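Me: I would like to go through this structure with you, one topic at a time. Please keep the replies plain.

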Amino acid sequence: MARSTRIPLAVGENLIGSNAVESMTVSGALAVAQPDLAKWGGVSAWFPVIEPIHAAGLRYCPHFLGAGIGLLASAHVLAVCGRPGGMLEVDAKDNPLRTGLSPALSRVRDGVVQPGCRPGLGIDPDIAELRRLCEMRP
């Protein structure tokens, strides 16, 4: 498929395990690796597989479309392990839970977010706002 188009293909949001990542990396079938660290392994499992992704000439763009914690973790990993051209996929739809858990990702300036440099993920969730959001659920 990749040889049939000039459009860079992106794959990886449903990969589970390092063998699947290796197969994706060496397949020659894609240009963009989009692993979801919340679906498999977390931050520590992805650090060893990102370098082979880059070595294969692939762009690393983590995938996460949930609440703010996983997206913020993905932003931190990209900030540490990304190379020029890597991007973070952020859903443009309004998501109050994501905003409440990772307000830094709501402040996009010229296509760039600053995930912060405090310990851990660097967030202090607004507990009162999160409670309010939970009370709004149908």
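Me: By how much of a helix are R132 and E129 separated?
Reply: R132 and E129 are separated by about one helical turn, because they stand three residues apart in helix α5 (residues 127-136). Helices here are DSSP runs of H or I with at least four residues, strands are runs of E with at least two, and both are numbered from the N terminus.

Me: What do R132 and E129 form?
Reply: R132 and E129 form a salt bridge, with the closest N and O atoms 2.7 Å apart. The term requires a side-chain nitrogen of Lys or Arg within 4 Å of a carboxyl oxygen of Asp or Glu.

Me: Are R132 and E129 buried or exposed?
Reply: R132 is partly exposed at 39% relative accessibility, and E129 is partly exposed at 25%. Buried means under 20% relative accessible area, exposed means over 50%, and partly exposed lies in between (1.4 Å probe, protein chains only).

Me: Before we continue, what kind of model is this?
Reply: It is a predicted model, in which local features need pLDDT of at least 70, side-chain atom pairs count only at pLDDT 80 or more, and totals for chains, interfaces and linings use all residues. Residues are numbered from 1 along each chain as its sequence is written, and side-chain values use heavy atoms, with hydrogens and water left out.

Me: What is the mean pLDDT of the protein chain?
Reply: The mean is 83, and 96% of the residues reach 70 or more; pLDDT is the predictor's confidence in each residue, from 0 to 100. Among the elements, helix α4 (residues 96-101) has the lowest mean, 79, and strand β3 (residues 59-60) the highest, 91.

Me: Back to salt bridges: how many does a search of the whole structure find?
Reply: The search finds two. One of them joins the side chains of R83 and E51, at 2.9 Å from N to O. R83 lies in the loop between α3 (68-81) and α4 and E51 in helix α2, so this pair ties together parts that are 32 residues apart in sequence.

Me: And which aromatic pair turns up?
Reply: A search of the whole structure finds one aromatic pair. The ring centres of W40 and W46 are 5.1 Å apart and the planes stand at 85°, so the pair is edge-to-face. Rings of Phe, Tyr and Trp (its six-membered ring) pair if their centres lie within 6.5 Å; planes under 30 degrees apart count as stacked, over 60 as edge-to-face and the rest as tilted.

Me: Are W40 and W46 buried or exposed?
Reply: W40 counts as buried at 18% relative accessibility, and W46 counts as buried at 1%.
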